[in-house]
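Biologist: Before any label is accepted, I should like to see the reasoning behind it. Please show the structure under discussion.

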Amino acid sequence: MHTVPDGTEVVADREAAERLTAPPLLIVDEVTGFLDRHGIGSGPLAWQRIGDGHSNVTYLIRRGEASVVLRRGPRPPLPKSTHDMVREARIQKAVRGHGVPVPEILAVCEDDSVLGTPFYLMAHLDGTVITDTVPAHLDTPERRRATGLAVVDTLVDLHSIDVTQGELASFGRPEGYLARQVERFAGLWEINTTRDLPTVLRLADWLGRNLPDSQSSGVVHGDYRMGNLMFAPAGGPRLMAVLDWEMATLGDPLADLGYLTATYAEPGRPVTPLELTPVTREEGYPTRAELARHYSARMDHLDLTPLPWYQTLALWKAAIFCEAIHTRWLRGERPHDRVFGPSLESGVPRLLETAAAHATN
């Protein structure tokens, strides 16, 4: 944990922030004042960055006996309609009311004059996120399998929520979701790239011509994968929280299943930049096909025959999103990114190649 500002990412006060050429991510005095107004903790702050922060940025904040998590957007410039922290907090509150495990939202700051962008505070949970290592309490073949199936069970619970009434009904327009996704991301490619990759437009055409009929409507998380899930720190695989709701909306639930299975690491499958939990290649974890069968057994009113289309959509969208990150890196807008941004020079074409393989199935 840090208690002394580093002078670039975190500064002590507004005066120090205004001396920087790029805005800081945290201003200690401003965060302290916000915590005071909401009665959270007392005394000086300590903070620690959580995760890699390729999109939004998350900090663990400790103050006296209080521990909270602050989530905010990245430094500007930001693409329009992205990094909406207020909306992200609202949708978590809404799904929490339906029993979906998410951290409690403690406070939301809509005033972008405080940190330069809206942000929110949520409860800090003491759990485990599985990425490149398996925690000891989940590291048997039986618990590895149970972990993978628990991922699907929580997704089913999310997709079973009635979104035709209550607050959730205001979070999107499910009708036409798939067509809008194809149209929107095809347009994003043109404004977020500096190079010519013809596969993008070929896949956009294929997706548009083979658009499936949506069989149901529900909450679509948009980035549902094991690395965005927190498990209990002991015992069996009990899922404590679904994280990172930035892309959540209402639409076709199979978009989440397509993303989960297309990005899930499996022996014999090519590695892509979205393989963020490579341990599922190890013995015991369910295969992609097993994940889909488990989902189908609980959502037996859905026909999974068009799943390859949804997997293609997931990887194609991911390639376009990653290209935006790569372009920002090329423009010097991600000066501290020395690994992920440069890796996308070849990583984006690999994603497109994998997407094209699903499109031919």
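The exchange below takes up burial, aromatic pairs and nonpolar cores in this predicted model.

Biologist: How do you know that A17 is buried?

Modeller: The relative accessibility of A17 is 10%. Buried means under 20%, so A17 meets the criterion. A17 belongs to helix α1 (residues 14–18), and beyond its neighbours within four places in sequence A17 is in contact with V11, P24 and I27.

Biologist: Why is the pair of F34 and F119 called edge-to-face?

Modeller: The ring centres of F34 and F119 are 5.0 Å apart and the planes stand at 65°. Pairing requires centres within 6.5 Å, and planes over 60 degrees apart count as edge-to-face; therefore the label applies.

Biologist: What does this pair tie together?

Modeller: F34 lies in helix α2 (residues 28–37) and F119 in strand β7 (residues 119–123), so the pair links parts that are 85 residues apart in sequence. F34 is buried at a relative accessible area of 4%, and F119 is buried at 0%.

Biologist: What makes W309 and Y310 an edge-to-face pair?

Modeller: Their ring centres are 5.3 Å apart and their planes are at 80°, so the same limits, 6.5 Å and 60 degrees, are satisfied. Both W309 and Y310 are buried.

Biologist: Which residues touch the most other members of the largest nonpolar core?

Modeller: They are F231, W245, Y295 and W316, in a core of 75 residues. Helix α9 (residues 307–330) gives the most to this core, with 12 residues. A second, separate core of 26 residues includes V11, I27, L35 and L70.

Notes:
Residues numbered from 1 in each chain as written. Predicted model: local features only at pLDDT ≥ 70, side-chain atom pairs only at ≥ 80, totals over all residues. Heavy atoms only, no water. Core = buried A, V, L, I, M, F, W, Y, C linked by side-chain atoms within 4.5 Å. Buried < 20%, exposed > 50% of the residue type's maximum accessible area, 1.4 Å probe, protein only. Helix = DSSP H or I, 4+ residues; strand = E, 2+ residues; numbered from the N terminus. Contact = heavy atoms within 4.5 Å. Phe/Tyr/Trp six-rings, centres within 6.5 Å; stacked < 30°, edge-to-face > 60°.
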